Amino acid sequence: MSENVVLRINDVSVSMAAGSTVAAAVLAAGATSFRRSATGQARGPLCGMGICFECRVTVNGVAHVRSCQTLCEDGMDVRTDE
Amino acid sequence: MSDVVIAGAGPAGLAAAWRAAKEGLSVVVVDDNPNPGGQIWRGEHDKPSSSEARVWFERIRSVNIRFVHGARIFQQAQPGKLLAETPGAVVELNYTNLILATGARERFLPFPGWTLPNVIGAGGLQALVKTGLSIAGKRVVVAGTGPLLLAVAAYLREHGANVLLIAEQAPPLRLARFGAHLIASGKATQAHELRRRLRGVKYLHNCWPVAAHGDEQLASVTLQRGRKRWAVECDYLACGFHLVPNLELAELLGCEIENGAVRVDQFQQTNVPQIYAAGETTGVGGLELSLVEGEIAGLAVANRQQEAQKLFSVRAKQRRFARTLNETFALRDELKDLAAGETIVCRCEDVEFGRLKRYESWRAAKLQTRCGMGPCQGRVCGPAVEFLFGWKVESVRPPVFPVRIESMLGHG
């Protein structure tokens, strides 16, 4: 797990160790609001294990991806706070 | 068609898989996570941090097991055939025997501010750090209840976090009894090791969080101990209230639930023929109990009942430990008063405590407020309302996980 992957979080480039999750990358990029709730509140990861769905983001145009269960890939485009 | 499909690649599932595969059965292990290990051994498949994890991953590699990762079982097409969704496809899983090793999740309780970003589960924050989050230099308050708080605090500290304190809601007498039981159960070395790793970190019993504060993200947490209340500034609040078994798949398949866990017989078999269960889904009891239950289930499906019986005494000892564990970290009634009227309970649908308390039952609340009807399907708010209102949370229906519409249509 020595090599790194580079992805974009809201147009900001982030380099993460291979095997890192998108959730970790989003936090590394300084974003804390992963999504907006039904009433517009900022939300971020809660369970860290794929159950709560609070860490949903848009990955390569696909909405509602659980960032804590998704591994970072080179060139990935991630959008938060949608 | 496989001889055995195992749902869950944590310790129980891996132990079951090893035993069954060693007896020559064809074994498929299905798991939602990208790698094996479950929660406790997350990220340890290629660099185990304990000798126990090393031994088990070596065992797994020594036999022939097919792993299906990143797959969520969402429906039973017919008895003996499950459907799982992966990022790109639907996988059909045909089995002769099924072993449910779906583990447990953290229990979360609502209090004002608990929905703020950076208020994360204790195990949740650890999972994020294990998968790449840098915690170095961050101020962390660890709060809630259960031995997981200690393990998480020690782990975070070793990764550079400034762990400000651990707030444990359990009273000191019960904690002392638990400590004595740890020593009696042969876990003295582990307890001692944990104490060493946590030297200098404040551990406050009879203490719990009452509110988290911040604008769009966490800035501080207010704690309560006795009549004293005070605020602590922090970057993360790692907060969980012990664990609850993941029962959704078992319920979908018609397995009987007793006292909040899957009921099994001495060979870990559920009331449904061909379906077994092992590990935390049959009751929260820790790593050793999960492993031995997994081994028993794996041997049982391979018709090695005599071999399995040799492990019963180990399991009995671990179950006694589990009982003490769950008594020690039982929730105090004061925690029922944390939520204010406007505190959100159901995070998927933003349903507040004040709206829920008008209803008599989970069913009524769901119908009127959509509580528990979002994507997590009540996995977070269900255990909370069970504690807050004494509601019986039920009515699992397929799909047990939200899936793409085409996954449903192609395999109805």
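Two strands pair when DSSP finds at least two bridges between them. Keep that in mind, everyone, as we start with a sheet in chain A. And one caution before we go on: this is a predicted model.

So, the sheet. Chain A has an open sheet of five strands, and reading across, the order is β2-β1-β7-β5-β6, with mixed pairing. Which strands stand at the edges? Those are β2 and β6 of chain A, and each has a single partner strand, so one side of each is left without a neighbour in the sheet. Ignoring direction, neighbouring strands of this sheet are turned by 40° against each other on average.

If the word pairing is new to you, here is the general idea: strands of a sheet pair through backbone hydrogen bonds, and they do this either parallel or antiparallel. For an example, look at β1(A), residues 4-9, which runs antiparallel to β2(A) and is joined to that strand by six bridges. To find the pair on your screen, click on A:I9, whose bridge partner in β2(A) is A:V12.

Now go to the other edge strand, β6 of chain A, residues 62-66, where you will find A:H64. What is the phi of A:H64? The value is about 60°, which is positive although A:H64 is not a glycine. This histidine has 14 other C-beta atoms within 10 Å, so A:H64 counts as partly exposed.

Next, let's see where the chains meet. Chain A brings 31 residues to the contact, and chain B brings 31 residues as well. On chain A, β2 (12-17), α1 (22-28) and β4 (42-43) each supply at least two residues of the side that touches chain B. Which element gives the largest share of that side? The answer is α1(A), with five residues. Sorted by class, the side of chain A that touches chain B has 18 nonpolar, eleven polar and two charged residues.

Let's cross over to chain B. This chain holds 14 helices and 21 strands. How does the radius of gyration of chain B sit with that of a compact globule? With 412 residues, a compact globule would have a value near 22 Å, and chain B has 21 Å, so the two agree. Along its principal axes, the C-alpha trace of chain B spans about 60 × 50 × 35 Å. Buried residues make up 50% of the 412 residues in chain B. And take the contacts in chain B between residues at least 6 apart in sequence: 65% of them join residues at least 24 apart.

A nice place to see burial is helix α3 of chain B, residues 122-130. Nine of its nine residues are buried, so the helix is largely enclosed by the rest of the structure. Among those buried residues are B:L125, B:L128 and B:V129, along with B:Q126 and B:K130. What covers them? The cover includes α1 of chain A, which we met at the contact between the chains, together with several elements of chain B, including β9 (139-145) and α4 (147-158). Just after α3(B), B:G132 takes a positive phi of about 115°.

Chain B also has an open sheet of three strands, in the order β12-β13-β14, with antiparallel pairing. The edge strands here are β12 (207-213) and β14 (228-233), each pairing on one side only. From one strand to the next, the twist averages 25°. Strand β13(B), residues 220-225, pairs with β14(B) over six bridges. Within that pair, B:L223 stands opposite B:W230.

Last stop: two helices. In general, two packed helices are described by the angle between their axes and the distance between the axes. Here, the axes of α8(B) and α10(B), residues 312-328, come within 9 Å and cross at roughly 145°. The crossing is left-handed. On the α8(B) side, the contact is made by B:E288, B:L289, B:V292, B:E293 and B:I296, and α10(B) offers B:V314, B:R315, B:Q318, B:R319 and B:A322. Those residues divide into five nonpolar, one polar and four charged.

Finally, step past α8(B) into the loop between α8 (287-301) and α9 (305-309), and you reach B:N303. This asparagine has a positive phi near 60°. Is B:N303 buried or exposed? B:N303 is exposed, because 11 other C-beta atoms lie within 10 Å, and a residue counts as exposed at 12 or fewer.

Thanks for listening, and do turn the structure around yourselves!

Note on methods. Residues numbered from 1 in each chain as written. Chains lettered and ligands numbered in written order. Predicted model: local features only at pLDDT ≥ 70, side-chain atom pairs only at ≥ 80, totals over all residues. Contact = placed C-beta atoms within 7 Å. Helix = DSSP H or I, 4+ residues; strand = E, 2+ residues; numbered from the N terminus. Nonpolar A, V, L, I, M, F, W, Y, C, P; charged D, E, K, R; others polar. Axes fitted to C-alpha atoms, helices over the stretch in contact; angles between N-to-C directions. Buried ≥ 20, exposed ≤ 12 C-beta atoms within 10 Å, placed from the backbone. Left-handed = near helix turned anticlockwise from the far one by under 90°. Rg over C-alpha atoms; globule rule 2.2 N^0.38 Å.
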